[in-house]
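Q: Please give me a close look at the surroundings of the ligand. Then place that site in the fold around it.

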Amino acid sequence: MKKILLATDKPFAKEAVQKIRNVVESSGNEFVLLEKYTSKQQLLDAVKNVHAIIIRSDIVDKEVIESASELQIVVRAGAGYDNIDLAAATAKGTVAMNTPGQNSNAVAELALGMMVFAARDFFSGKSGSELKGKTLGIHAYGNVGRNIARIAKGFGMQVNAFDAFVPKEVIEKDDVKAFDSAEELYEACQYISLNIPATADTKKSIDFQLLNKMQKGAVLINTARKEIMNEPDLLKIMAERSDFIYLSDIEPDNKEEFAAKFPGRYFFTPKKSGAQTEEANVNAGIAAAVQIINFFERGDITFQVNK
Ligand code: 3PG
């Protein structure tokens, strides 16, 4: 019998937790729950005797991995795994996985919701604009990007995309115009949706030079990670272009400066909300539990990210 810990600082919906518990217990394993913890020590204590951990954006660093002496597998119930120290996991022989695609519709719906919110002047009652006919650039074209394209077409937007790793033919199969570079995409669009992961190459990569290429009435939607933004450059573009609007699913580090200088031109969720739906919680949580059981029962490493 393996001990499987669900450790979520930001809890899943109740229904999702119950379903994860059922999957774990019906496979003959033990389910352990740590939610809404307030100190790292609680996580360090909870991981001590467990064989597997399911997390969300919870930080699983070297200290956490080393405290988990029995740990065989950690699964990020979600897409981005920048919160796991992969080198430490590999050094310990621990498999790290994510659950790609399971929460992507939820994130995409939030991105479109933010576009409507911006177009309607933050629901102020003032006359706004419509998304129909507007140019949208999706950067980049993974699971979330594909869902955004599908929904944006329903709004009648002109949908474009750039992805450094996805061939243009793959993007164009979805009837989405593919660009050769981020620069060209930004130049062609009024709305840009950021969907790139936070990696060593992408951190701070969204800078003034790129943002300044956006068309008049620029609306930048960030449902990816705050780390990909060059924050001083973001302040610069907000200051130099009074038409520039920024909405982000999580507050930037310099949010006080936004409040002081750019009222009415930005919106930040207080807590990352893209995947905060019951459906996404159930899908990602169950996928994580099933992946762990398949790993223990059959050695299945399909979604391993530290190969
Ligand atoms: C992800 O990478 O899957 C999303 O950013 C969702 O993150 P969350 O599970 O912390 O809400």
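**The ligand and its surroundings**

A: Start with Ser57: an N or O atom of its side chain is 2.4 Å from an oxygen atom of the ligand. Keep in mind that this is a predicted model. Two other side chains make contacts of this kind. For Lys10, an N or O atom of the side chain is 2.7 Å from a ligand oxygen. For Arg76, the corresponding distance is 3.0 Å. The protein covers 95% of the accessible area of the ligand, which is 310 Å² for the ligand on its own.

Now widen the view to the whole shell. Besides Lys10, Ser57 and Arg76, the ligand is surrounded by Arg56, Gly78, Ala79, Gly80, Asn103, Arg225, Lys272 and Ala275. By class, five of the shell residues are charged, four are polar and two are nonpolar.

Next, the strands. Arg76 belongs to strand E4, which spans residues 73–76. E4 runs parallel to strand E3 (residues 52–55), and four bridges join the two. One of these pairs is Ile53 with Val74, its bridge partner in E4. E3 and E4 are part of an open sheet of five strands. The order is E2-E1-E3-E4-E5, with parallel pairing. Strand E2 (30–35) and strand E5 (95–98) lie at the edges, and each pairs on one side only. On average, neighbouring strands of this sheet are turned by 15° against each other, direction ignored. Helix H1 (residues 14–26) lies across E2, E3 and strand E1 (3–8). H1 runs at about 155° to E2.

A second sheet is also open, and seven strands form it. Read across, the order is E8-E7-E6-E9-E10-E11-E12, and the pairing is parallel here too. Its edge strands are strand E8 (177–178) and strand E12 (266–268), each pairing on one side only. Strand E11 (residues 245–248) runs parallel to E12, and three bridges join them. Ser248 stands opposite Phe268 in E12. Helix H5 packs on this sheet. H5 touches E6, strand E9 (191–194), strand E10 (219–222), E11 and E12, and its direction makes about 145° with that of E11. Helix H6 packs on the sheet as well, touching E6, E9 and strand E7 (158–162). The direction of H6 makes about 165° with that of E6.

Two backbone details deserve a check. Most residues other than glycine have a negative phi, and most peptide bonds are trans. Phe122 has a positive phi of about 55°, although it is not a glycine. Phe122 is found in the loop between helix H5 (104–119) and E6. The peptide bond from His139 to Ala140 is cis, with omega near 20°. Ala140 has its place in the loop that runs between strand E6 (135–139) and helix H6 (143–154).

Terms used: Residues numbered from 1 in each chain as written. Predicted model: local features only at pLDDT ≥ 70, side-chain atom pairs only at ≥ 80, totals over all residues. Heavy atoms only, no water. Pairing = 2+ DSSP bridges. Axes fitted to C-alpha atoms, helices over the stretch in contact; angles between N-to-C directions. Contact = heavy atoms within 4.5 Å. Near = heavy atom within 4 Å. Polar contact = N/O pair within 3.5 Å; in protein donor to acceptor, adjacent residues only side chain to side chain. Areas by Shrake-Rupley, 256 points an atom, 1.4 Å probe, with all protein chains shown as cover. Nonpolar A, V, L, I, M, F, W, Y, C, P; charged D, E, K, R; others polar.
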